[in-house]
Every structure is written in C-alpha cells, then in structure tokens.
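Visitor: Please take a close look at one single part of this model for me, and explain it in one connected answer that a bench biochemist can follow against the coordinates.

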Amino acid sequence: MSAHSCAPRLSLVGLLLACVALVPDVRAESESSAADARISGTVEIGGRTTSGDMEAAQLRLYRDLDEGAIGAFRFLAEDDAQRFYLRGKGENIGYDDQRYRLEGGRYNRFAIDLFYGELPRVFSTSARTPFVRSDTDTFRLPAGVQSAIAALPDAAAQSQALGALLESAPRTDLEMRWLEGRAGVEYKASERLTLDASYRIQDKKGNRLLGMGFGNPGGTFLQAPGPIDESIHTVRSSAEYVREGWSVGAEYLGSFFDNELDALTVDNPFSAADAAGSPTRGRVSLSPDSSAHHLSLSGAAVLPVGFPARVVGSVGYGINLQDDAFLDFSVNSAFPPDPATGSLTLPQRDLDGEVHIVTANLHATARPIDPLDLGLRYRLYRWDNRTDPIVFDQHVENDTGLVDEPIRSVSNDFMRQDVELDAGYRVSEDWVLHLGYELEAWRRSESRQVRDLAEHGPYAKADWRPGPRSQLRLSYRFRDRVGDDYEPCAHFDATLQGCSELGALRKFDQADRSLHDLRGRYHLMPRENVDLSLSGDFRHVDYDADFGLVEQQSWSLGWDGHVQLHPRIGIGAHYVYEALEYEMDSRWRPRNFAPPIVVVNSPLNDWSSRIDQRFHTGGVTLDLVLLVERVELELGYLVHHGREKTNASGAAGLATPPGGAADGGNAADWPEVEERLQAATVALEIFVTDALTLEARYRFEDFHLDDFRREVSAFEPDSNVSGSGATSPSRDIFLSEALQDYRAHVVALTASVEF
Amino acid sequence: MGERVAALALATTWMLVCGVAAAEPSASGYVGDAVCTSCHAEALEEYRHTIHAKVLNDTNARSVKQRRGCESCHGPGAAHVEAGGGEGVGGPRWISFSEQEEGDAISRQNEACLDCHRGGSQRFWPGSPHANRQLRCGDCHRVMEKVSDEHLLSAKTQTAQCSGCHRLPRAQMTRTAHMPTRRGALREGWMDCGDCHNPHGSLGPRLIEAASINQSCYGCHADKRGPFLWEHAPVTEDCTNCHHPHGSINPAMLKVSPTRLCQSCHIGVLHPSEARLPGSRFVRGRACGSCHVQVHGSNHPSGVGLTR
C-alpha cells in the first residue's frame with residue numbers, strides 16, 4: 001500500500017465536500033454580485049474500490065490506484081469584464097500521483113502559472129535484499145555474516161551459505177517518488193514584446209537497483225537498493241520582440257543538478273577483513289552535481305525580395321560544469337592513499353569538467369514562383385569538451401586489485417552539422433511533390449574510432465489530395481554514410497590501455513551504412529460519418545561491417561477507423577503491427593592467463609545473433625448516447641501483445657588456447673520474452689441536472705510478462721555458467737526485481753457538481 | 001403592415017450600417033461581431049469559452065486587428081453578409097477556414113493564424129515538416145470550441161491529438177517499459193508529446209524542442225549529463241543509440257536485450273565476446289549492467305570500466 005496515510009486524502013476530499021456544500025451559495029453570490037466576478041467550475045467527489053493484484057509494480061508504475069475517497073476540481077473565476085482570471089484544477093487529490101495547477105492574470109497581458117505534481121515510479125515490489133541501510137549511503141550485511149562466509153573453505157561452501165542467507169532475505173520495495181513544482185510568469189509588455197520567466201524543481205527520492213562487481217570480470221557481483229536523493233532546478237527566462245516582418249528573441253536556460261549522495265557503499269559477503277583481493281566493502285560513485293547554462297539568440301525576418309521569402313535563425317552558447325570532489329581510489333583499507341610516496345593519491349581534487357556547447361541554425365524558405373517552394377536548413381551542434389585529461393598512475397580495480405599502470409581520462413567532443421535542401425512543387429491542385437537532399441556530417445575527437453563521417457542522400461515526398469475527404473502521403477529517403485578509416489584501438493590508445501577490441505568490429509554509430517526509409521499514410525473519409533486511415537513504414541539499414549550490428553530492419557502497418565453509425569452511436573477501432581529485426585555478428589575471443597598470453601582470433605569462433613521483435617496493438621471504442629442529454633456510455637478495450645526472440649548460432653569445434661578459458665562461443669537461442677496487456681473500460685455518465693453529473697467508471701487490466709531475464713531470485717545457483725554449459729558455484733547477489741503479472745479491477749463512483 | 005415591414009427593414013439596415021461604421025470605415029468591409037451573431041449564435045455560444053473569445057474584443061485586445069472579434073481571423077465580412085453567407089462565400093479577403101479548401105487556401109488559413117502567432121513556439125512553422133505536408137492549423141486546433149484544457153486542440157490531450165496521425169508511437173507507449181505518457185484508460189498522463197517535441201517546427205532534430213536529443217533528455221535526467229571523468233562516448237552523443245524513447249519490451253526502454261546491445265559494439269577479449277547461454281548471470285538480471293553500473297559515465301577515479 002501507499003506510504004501515504006488516508007488522513008490527508010480524506011481531509012482534502014472533505015474540503016471538496018465543503019466546497020460542494022457551498023456551491024449553491026457561490027452560485028447565488030455570483031449571480032447576485034455579477035458585477036464583480038464570475039465563477040464557474042466543477043467539483044468531483046466519490047470513491048474508488050479495487051480488487052486484484054493491486055501491489056504489482058507494473059500496475060503501480062506511474063499511478064496510485066489505492067482504494068478510498070477520490071476527488072478532483074477545476075474552476076475559473078473572472079471579473080465581470082473578463083479582463084482578469086484565476087483558473088485552477090486538481091486531480092487525484094491526496095494520492096501519490098496528485099497534481100494541481102493554478103493560473104491567474106489578465107488576458108493578453110500577463111499570466112502567472114503555478115504547478116505542483118507527484119509521480120510515483122515503482123520499479124519492483126518483489127525485490128529481496130540481505131543488506132540493511134546503516135547510513136544514508138551505506139548498506140551493511142547483518143553482523144557476523146561476512147566472517148561466517150569468509151571462513152568457509154571453498155567457493156562451493158560459500159555459495160551454499162550465501163544461498164541460505166538470501167533465501168531468508170527480507171523484501172524491499174524499489175520505488176521512487178518524483179515531486180515537481182513549477183512557477184512561471186509571462187508578461188506581454190505590448191502586442192510585440194513578450195517576457196517570460198519560469199522556475200522548476202524536480203525532486204526525486206527513493207531507491208533503485210544498483211550493483212557492483214568485485215574482482216575481475218568473472219568475479220562476483222552484488223545488487224543493492226541504491227538510494228536516490230536528487231533534485232534538478234531549472235531556470236528559464238526569455239524575451240521576444242515580434243514585428244510585422246521580423247522578430248528577435250533571447251533565452252537563457254539554467255539547469256542545476258544536485259545529488260545529496262556521492263557514493264553507495266555495500267558490504268562484500270566474502271571478506272571479513274580488508275586485503276588486496278578481498279575487500280570487505282565496495283563503493284561506487286553516484287552521479288555528480290553539475291550545472292548547465294545555455295543562452296540563445298534567435299531571429300526571423302521576411303526577406304526584401306520580389307517574392308515571399310523568410311529566414312529564421314539562432315545562435316546559442318552553453319556551458320556545462322562539473323566539479324564534484326572525487327572519491328578515493330578505493331574504500332578498501334588495503335589501498336590507502338599515501339601522500340609521501342604519491343601512491344594512490346589523487347592528481348587533482350575534482351574533474352573541473354567544462355563542456356562548451358555551440359549551436360547555430362539557419363532555416364530559409366522562399367517561393368520564387370508560385371507553385372514552387374524552396375527551403376534550406378543548416379544546423380550546427382558542437383559539443384566542445386574542454387575538460388583536461390587526467391593521468392592516473394595507478395588505480396584500484398573494483399576495490400579489489402591495484403593496477404599499477406597509468407590510465408588517462410579522455411574528453412570526447414564532437415560537432416554535428418546538418419544541411420537540408422528542399423524543393424516543393426505543386427504539380428496540380430491535388431499533388432504536391434517535395435524533392436530534397438540531406439547531409440549529416442560528424443567530426444569527432446581522436447579518441448573515437450572514426451573522426452569524420454558524412455551521411456547524405458536524397459528524399460522524395462508526395463502528397464496527393466484528390467479531394468477534401470481523401471489524402472495520401474508518401475515519402476522515401478535514401479542515405480549513404482561513409483566515414484574515415486576506422487581506428488578500432490582509438491579509445492584504448494587515448495586512455496593508455498592495451499587494445500582488446502576486435503579489429504574488424506564496426507560500431508553501429510560510426511560504421512559506414514546505407515539506409516532506405518519508406519513511409520506512407522492514406523486517410524479517407526468516404527462519408528461524413530466515416531473516417532479511415534491506413535499507415536505503414538519500412539526501414540532498412542545495412543551496415544558495412546563484418547562484426548557488430550550488420551543489419552537492421554523494421555516495418556509497421558496500421559489502420560484505424562471511426563464510424564458514427566448514428567448520432568447516438570460511434571464506433572472506433574485501431575490496430576498497429578510492428579516488426580523490428582537486428583542482426584549482429586561476433587567472435588568468441590578466449591585467452592589464457594599464464595604467460596605467454598595468447599589471444600585466439602579464429603573464424604571458428606564466430607557466432608551470430610538475430611533479434612526479432614513483433615508487436616500487435618489494437619483497440620476498439622464504443623460511444624453510446626443512451627438517453628439524449630441524460631445518459632452516455634463509453635466502452636473501450638485495448639490489447640497489446642509483444643515478443644522478443646533472440647536467436648544465436650555459432651560453429652561447432654571452437655578454438656581455445658592451451659589452458660584457456662572454457663568454451664564461450666557456444667551460441668544458443670534464448671527463451672522468448674513476451675508481454676501482454678489488456679485494458680477494458682466502461683464509463684457511464686448520468687446527467688441528473690444541468691449541474692449534477694453522476695459517473696461510474698470501471699477499469700480492468702490484465703498484464704502478463706514472461707521475461708526470463710527479469711525472473712531472477714535473490715540467489716541463482718546455476719547462473720555462473722560458461723558457454724560450454726559447465727556451472728561454477730554462484731557467488732552473486734541479485735535483487736530479484738521481477739515484474740509480477742497482474743489482474744486488477746478498479747471501480748470508481750463519482751458525482752460532479754458544476755457551478 | 002407593409003409600412004411596418006418597411007420601417008423594420010429600414011431600422012435594421014440603419015443598425016447594420018451604424019454597426020459597421022462604428023467598427024470600421026465601411027470601405028474596409030468589416031461588419032462587427034453583432035452581425036456575425038445574428039446568424040452564428042450557436043457556434044458563438046461555444047466559442048465564448050475559448051481564449052480567443054476572451055482576447056479578441058475591446059477589453060483585452062492589444063491591436064486594432066484583435067478588436068475586430070470574429071473578423072480578426074476571418075477577415076472583413078461585408079461581402080460574406082451581402083452574399084447571404086455560406087461556407088467559402090465572402091470574396092478574396094474572406095477566410096472561412098473550411099476543411100474543404102485546398103492548395104493555396106490552406107496557406108491563407110494558416111497565414112491568418114500566424115499573423116498573431118508568428119512568435120513563440122510557432123516561430124519555426126514555415127518550412128517545418130508539418131507545414132511542408134500541407135497541414136492546416138485547423139487540423140490540430142479547434143478554434144471555435146474549447147475541447148482541450150490548453151492550446152485549443154481538437155482532442156482532449158496533446159498525446160491524443162498527435163496519435164491521431166502518429167499511431168506507431170502511441171502503440172509503442174503500450175509496451176512494458178515506457179514514459180508516463182499513457183492517457184485515457186491507462187491514466188498516467190504525466191507527460192505529453194509536447195514535453196519533448198514542438199509540432200510547429202524546431203531547430204533541433206525530429207521536431208525536438210531542445211537543441212539536441214540529449215539536451216531534451218537531460219531536462220529530466222540531468223544525472224546523466226556529466227561531464228564525467230570516464231565517459232561513454234555514444235551516450236554523450238545520442239541517448240537513442242541505446243534507448244527507444246516511446247517504449248520497449250526491454251528494461252529501461254533499451255532497444256534490445258542489454259547483453260546483445262552491449263555486444264553490438266564491444267567484442268573485447270573474453271567476457272564481452274561470449275555468446276552466453278540464457279541462464280548466465282551475464283544475461284539475466286541487469287546483464288552487463290550488474291557490474292558496469294555507471295554505463296552513462298563514472299566520476300570515480302577507479303571507474304575506467306564504468307564499474308564504479
């Protein structure tokens with residue numbers, strides 16, 4: 001159940017009831033003093049009852065559907081001359097997803113806008129954890145657990161003990177509450193000049209899954225309910241001056257991220273005393289505080305030429321800053337910083353991170369001759385990371401082992417430029433044809449695999465409107481992307497690490513590729529009371545890569561329609577099918593651990609994987625007027641079904657080095673992931689009088705998720721499995737955050753009073 | 001009787017003439033709201049609840065044009081009145097905002113709106129994707145009736161409005177991992193399409209209001225903004241490299257299963273290159289994210305592998 005008590009909720013609804021009781025007086029007052037103000041609005045009160053799996057995380061993902069009194073209101077107050085106004089509304093009053101808004105001002109002069117809202121974010125209601133929060137950012141195991149497990153003779157025994165511990169681990173909810181407040185003012189100094197300022201705070205508190213590993217890859221990892229205590233403050237102000245043929249504007253946007261927590265520290269169950277190779281705790285950093293400022297100037301002008309032409313553009317400059325203090329290299333006391341020798345001492349206190357952002361945009365449109373429209377668009381976005389690289393002579397890997405080799409941070413930066421030329425020609429009264437050419441060019445820093453990359457190609461769009469009741473839109477786009485030589489080791493070289501990447505890999509964001517994109521939509525209204533549309537798209541991306549993502553394809557087809565069978569009967573239906581396919585190739589690359597190190601790069605170890613996703617989404621609605629101006633009924637049904645299938649295949653007879661790791665290239669199909677959602681709604685409205693409406697709402701939801709990835713217990717004894725199928729004792733702690741299926745029935749009865 | 005009729009006709013004509021004269025010199029062709037009301041009373045009853053009704057009058061107008069009421073948008077109505085009314089009837093300066101009109105008439109309709117709404121979020125309308133596809137303002141906005149709480153939309157909410165044409169994103173929002181955008185029966189409604197997109201045109205890609213996709217995401221997810229000591233470069237460039245913003249069957253709106261997603265770019269020695277059996281801890285739970293927990297970037301001196 002919600003952490004909220006019922007008391008505030010009942011109080012708020014009680015307040016609404018009091019308002020309802022006063023409504024006749026308000027009406028009388030407003031009528032008797034009509035020269036002063038007009039007040040109108042609605043107060044809705046009632047109750048909600050539920051049954052079913054109301055605790056399921058997915059049901060409560062962004063909603064609070066608890067039972068109890070429910071209420072909502074909205075009102076508008078105006079002076080008699082309708083110059084000034086005050087408007088407000090509130091919904092889900094007293095619940096974890098309550099929202100309120102209050103606006104006031106003078107029409108066409110100024111407006112003040114206030115908002116407050118809450119949003120639950122429930123990640124899981126099935127998680128279990130043995131960790132107990134001992135401090136704001138520290139999670140500990142019960143006393144004696146570490147020493148008991150660490151004293152056991154081998155991994156198998158430790159695994160067994162861990163399993164016993166996790167079996168009795170208490171449940172913990174993973175959820176976050178998002179509170180948001182906004183205040184804004186808009187002032188129209190004149191018809192031409194508008195000034196705007198706003199402030200927004202987003203406050204997030206709760207917990208979510210965070211994990212950390214110990215040792216090298218292949219070591220253990222644990223997952224814990226990592227705390228969240230963050231806020232974002234956003235300030236925005238703008239001014240715009242608009243004249244007949246031109247306009248100018250300026251805007252400042254400031255964003256300040258504040259994280260109350262710097263780190264998450266969690267006990268390692270396998271060590272009772274800090275030592276190299278066996279830390280008693282691990283510590284991960286959490287997102288650092290940061291700020292961002294962006295100032296932009298924009299303008300638009302009608303060009304003084306002999307035909308309609310207009311240009312709009314903007315330039316912007318921003319800076320992102322981050323100077324949160326670094327943590328030490330490790331929380332493991334076996335690796336203390338030693339200022340005398342410089343060992344594990346930080347070369348600087350913080351990152352002193354500084355990113356400069358430059359934006360520029362230009363968009364010109366013109367109609368040099370009547371049926372021909374021309375457009376030119378240019379866009380520049382530069383992410384100029386001026387943070388100085390830092391060289392760390394040593395670091396501690398996963399709080400476990402000292403790495404006595406230098407590593408260097410890199411500051412990736414990039415510049416993206418887009419150019420588009422468009423020519424639109426009205427071929428006939430029915431046909432409009434657009435032909436264009438697009439260019440998207442990237443320049444990245446040397447730490448990326450490809451420095452310069454350009455993607456370009458033509459497109460064509462056609463709109464056919466044979467009449468006001470029929471419309472066809474088609475578009476086709478082809479793009480070809482070509483980049484500089486691909487440097488597979490660029491990132492490793494920049495960070496001073498040994499290159500371990502497969503040379504033939506091409507990462508999909510930088511690989512050469514060709515793209516075809518076809519879209520269409522046909523809209524038809526054969527009769528006044530019939531509205532039909534058919535839409536579809538197809539997209540194919542072919543990457544010029546031997547390894548990595550090599551092919552990507554998606555297509556969808558959908559239709560929807562609405563028929564007003566009778567003035568009192570309306571029926572709607574819709575359906576969308578979408579298919580997404582990804583194909584990737586990879587290679588199992590084992591190595592041995594005793595010198596001389598040999599890395600096997602054999603085609604025998606190649607494997608490929610294909611991911612298919614299929615989605616069906618459809619629904620129907622029925623609107624009935626049972627009694628004209630008295631009783632209306634709305635019925636709705638939505639069904640969604642989706643699945644993801646990940647298949648894989650690899651050649652038999654895999655190559656491994658002498659003494660190398662077990663077979664990891666045995667590719668196998670994964671179980672299908674399936675999701676299903678049904679929602680049915682019934683809403684019956686009875687308009688008792690002009691001012692009183694009774695409403696009964698019923699909602700049924702049925703959610704099913706079959707996802708082998710999420711269905712994990714806190715302890716998974718067989719999860720430490722190699723590619724050959726051999727299992728080692730599991731020493732991992734999962735948080736068991738599976739999403740439960742649910743079936744839920746929600747009934748709400750409300751009375752709305754209009755005043 | 002005939003005298004009475006003649007007197008009534010004379011009086012009516014005199015009132016009309018006076019009404020027109022009071023509003024504008026008769027040569028301009030404006031007739032005033034009173035004349036419009038005489039035929040369109042029912043429509044104007046609905047209209048009076050709209051923001052336009054509150055602004056386009058003597059009390060709140062900021063310009064001569066705004067004082068013209070109905071004719072602020074429709075243009076001078078004298079020819080329309082003289083012709084006895086009717087959709088599309090009223091001469092070249094009259095704009096009926098009829099859905100039956102095609103071609104240049106759409107531009108004329110939109111120009112009438114842009115005349116007042118050329119600033120703000122409509123600044124980038126000319127040449128924008130929706131403008132280029134011959135959409136009229138009235139395709140999304142119902143000016144004569146207050147259907148939505150804001151923006152005079154034809155549908156009750158922005159999401160419902162946009163999904164009238166953009167069915168695929170609406171379908172994607174029904175997936176297990178999605179933004180709090182669902183409306184109607186599924187009642188979330190925290191976000192609308194307009195929180196990220198500007199349908200009137202923008203200088204950002206894909207009608208994104210912000211300068212870039214990432215800048216848009218950072219509005220609510222500033223914890224991912226950095227700059228970080230150890231960056232994950234594709235993250236900094238484009239959140240949609242890994243995430244599907246409208247919804248996904250995968251956790252965290254990832255495009256595909258986390259293991260395969262990472263493996264599409266990482267074929268290092270040993271663990272990243274293994275195909276993995278489905279029961280493996282590298283597949284289940286958070287997959288790669290169980291250890292590489294700070295995949296968006298780490299500020300830890302030992303976080304080079306994004307594990308701290």
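Guide: In this predicted model, the part to look at is the largest cavity, where strand E17 (372-385) and strand E22 (414-426) of chain A, together with helix H11 (213-218) and helix H12 (233-237) of chain B, each supply at least two residues of the lining. Helices (H or I, at least four residues) and strands (E, at least two) are DSSP runs numbered from the N terminus. The largest share of this lining, three residues, comes from strand E17 of chain A.

The largest cavity holds about 110 Å³ of space, and its lining is made of 13 residues. Nearest its centre lie A:Arg416, A:Trp442, B:Ser212, B:Ile213 and B:Glu237, so that both chains are represented there. By class, the lining has six nonpolar, three polar and four charged residues, where Ala, Val, Leu, Ile, Met, Phe, Trp, Tyr, Cys and Pro count as nonpolar, Asp, Glu, Lys and Arg as charged, and the others, Gly among them, as polar. On a 1 Å grid over the protein atoms alone, a cavity is a set of points where a 1.4 Å probe fits but cannot get out, a pocket is an open set with protein on both sides within 12 Å along at least five of seven lines, and lining residues have an atom within 4 Å of a point. Points are joined across faces, edges and corners, a volume being the space filled by probe spheres set on them.

The structure holds eight cavities of 30 Å³ or more, and the second largest of them makes a useful companion view, with about 90 Å³ of space and a lining of 15 residues. Around the centre of the second largest cavity, the nearest residues are A:Asp430, A:Val432, A:Asp463, A:Arg465 and B:Gln134. Strand E23 (431-444), strand E24 (452-467) and strand E25 (470-483) of chain A each give at least two residues to the lining of the second largest cavity, and strand E24 of chain A has the largest share, with three residues. That lining divides into four nonpolar, three polar and eight charged residues.

An open space can be set beside these enclosed ones, namely the second largest pocket, which has a volume of about 1,100 Å³ and is lined by 48 residues. Closest to the centre of the second largest pocket are A:Pro308, A:Thr365, A:Asp373, B:Glu111 and B:Pro126, while helix H6 (residues 104-114) of chain B gives the most to its lining, with seven residues. The pocket lining is composed of 19 nonpolar, 13 polar and 16 charged residues.

As background for the helices named above, chain B has 13 helices and zero strands, and 56% of its 308 residues count as buried (under 20% relative accessible area, with exposed over 50% and partly exposed in between, using a 1.4 Å probe and protein chains only).

Residues are numbered from 1 along each chain as its sequence is written, with chains lettered from A and ligands numbered from 1 in the order in which they are written. Local features need pLDDT of at least 70 and side-chain atom pairs count only at pLDDT 80 or more, whereas totals for chains, interfaces and linings use all residues, and side-chain values use heavy atoms, with hydrogens and water left out.
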